[in-house]
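Hello,

Here is the structure I promised to pass on. Please open it next to this email and follow along as you read.

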Amino acid sequence: MLVNQHHKLHLAGFTLLEMALVITLIAILATIAIPKINPHWFEQQAEFQQALTVLRYAHQVAIASGCQVRIQVSSDTISLYYNNAPTRCGGGAVINPLLGGAVRVTVNVGVYGDGWIYDEQGKPITGQQNLSIGDYNLRVEAATGFVHVN
């Protein structure tokens with residue numbers, strides 16, 4: 001009976017060797033994984049998603065308002081403007097419905113490509129468009145105006 005109680009106590013818990021092995025494995029994985037975590041990637045992903053949202057919003061504004069919407073692209077900014085067509089739409093900035101002010105997104109990772117104009121049906125007037133934001137590439141379909149991630 002005394003042997004059985006001693007045997008039960010011995011089976012509970014981990015041995016020192018098992019604990020040392022687990023800690024060693026965790027340390028090895030940490031030395032491999034931690035350098036691969038790049039905060040720049042997260043910033044770039046967030047800026048890309050913001051830009052993608054603004055471009056899709058421009059498409060929807062053109063359809064909903066019946067006005068042409070111009071996407072103006074610079075090296076670090078994407079801005080939306082009405083394009084004076086039809087004339088009732090004017091030529092001012094598209095206003096952010098939640099925050100007020102012009103719809104504009106700043107992209108620190110860089111924007112490469114030309115701007116375009118969505119017609120009243122949400123199609124790009126100049127056909128298919130391509131835009132690069134950091135390491136990401138976008139394609140705007142000529143037939144529908146929908147923005148795709150390549």
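Start with I78. Leaving out residues up to four places away in sequence, I78 touches A51, V54, L55, I71, Q72, V103, R104, V105, V111, L131 and I133. Keep in mind that this is a predicted model. I78 also stands opposite V105 in β3.

Now widen the view to the core. The largest nonpolar core has 27 residues. Which of them have the most contacts inside it? They are I71, I78, L131 and I133. Six elements, namely α3, β1, β2, β5, β6 (129–133) and β7, each supply at least two residues of this core. The most comes from α3, which gives eight residues. There is a general trend behind this: in soluble globular proteins, nonpolar side chains tend to be buried together.

Next, the sheet. It is open and has four strands, in the order β3-β2-β1-β5, with antiparallel pairing. Which strands form the edges? They are β3 and β5, since each pairs on one side only. On average, neighbouring strands of this sheet are turned by 20° against each other, direction ignored. As a reminder, strands of a sheet pair through backbone hydrogen bonds, either parallel or antiparallel.

Go through the pairings one by one.

- β1 and β2 run antiparallel and are joined by five bridges. A hairpin of three residues connects β1 to β2. V69 stands opposite Y82 in β2. R70 has Y81 as its bridge partner in β2.
- β1 and β5 (residues 116–118) pair in the antiparallel sense, over three bridges. Here R70 stands opposite I117 in β5. The bridge partner of I71 in β5 is W116.
- β2 and β3 pair in the antiparallel sense too, again over three bridges.

Look along β1 next. In a regular strand the side chains alternate between the two faces of the sheet. β1 shows this alternation. V69, I71 and V73 point to one face and are buried. R70 and Q72 point to the other face and are not buried. What about β2: is it mostly covered or mostly open? It is mostly covered, with five of its six residues buried.

Then find the helix. α3 lies across β1, β2, β3 and β5. It runs at about 10° to β2.

Now the disulfide. How many are there? The count comes to one. C67 and C89 form it, with their sulfur atoms 1.8 Å apart. The torsion about their S-S bond is about -80°, so the disulfide is left-handed. This pair links distant parts of the chain, 22 residues apart. C67 is in the loop between α3 (39–65) and β1 (69–73). C89 is in the loop between β2 (77–82) and β3 (104–106). Are these cysteines buried or exposed? Both C67 and C89 are buried.

Last, the aromatic rings. The count comes to three aromatic pairs. I will describe two, beginning with W41 and F42. Their rings are 5.0 Å apart, centre to centre, with 85° between the planes. That makes the pair edge-to-face. W41 is partly exposed, with a relative accessible area of 43%.

The other pair is F48 and Y136. Their ring centres are 4.3 Å apart and their planes are at 20°, so this pair is stacked. Why does the pair tie together separate parts of the chain? F48 lies in helix α3 and Y136 lies in strand β7 (residues 136–140), so the pair joins parts that are 88 residues apart in sequence. F48 is buried, and Y136 is buried as well.

To find your way back, return to I78 and its contact with I71. Both are among the residues with the most contacts inside the largest nonpolar core. From I71, step to its bridge partner W116 in β5. From I78, step to V105, which stands opposite in β3. You have then reached both edge strands of the sheet, β3 and β5.

Best wishes

Conventions. Residues numbered from 1 in each chain as written. Predicted model: local features only at pLDDT ≥ 70, side-chain atom pairs only at ≥ 80, totals over all residues. Heavy atoms only, no water. Disulfide = S-S within 2.5 Å. Buried < 20%, exposed > 50% of the residue type's maximum accessible area, 1.4 Å probe, protein only. Phe/Tyr/Trp six-rings, centres within 6.5 Å; stacked < 30°, edge-to-face > 60°. Pairing = 2+ DSSP bridges. Axes fitted to C-alpha atoms, helices over the stretch in contact; angles between N-to-C directions. Contact = heavy atoms within 4.5 Å. Core = buried A, V, L, I, M, F, W, Y, C linked by side-chain atoms within 4.5 Å.
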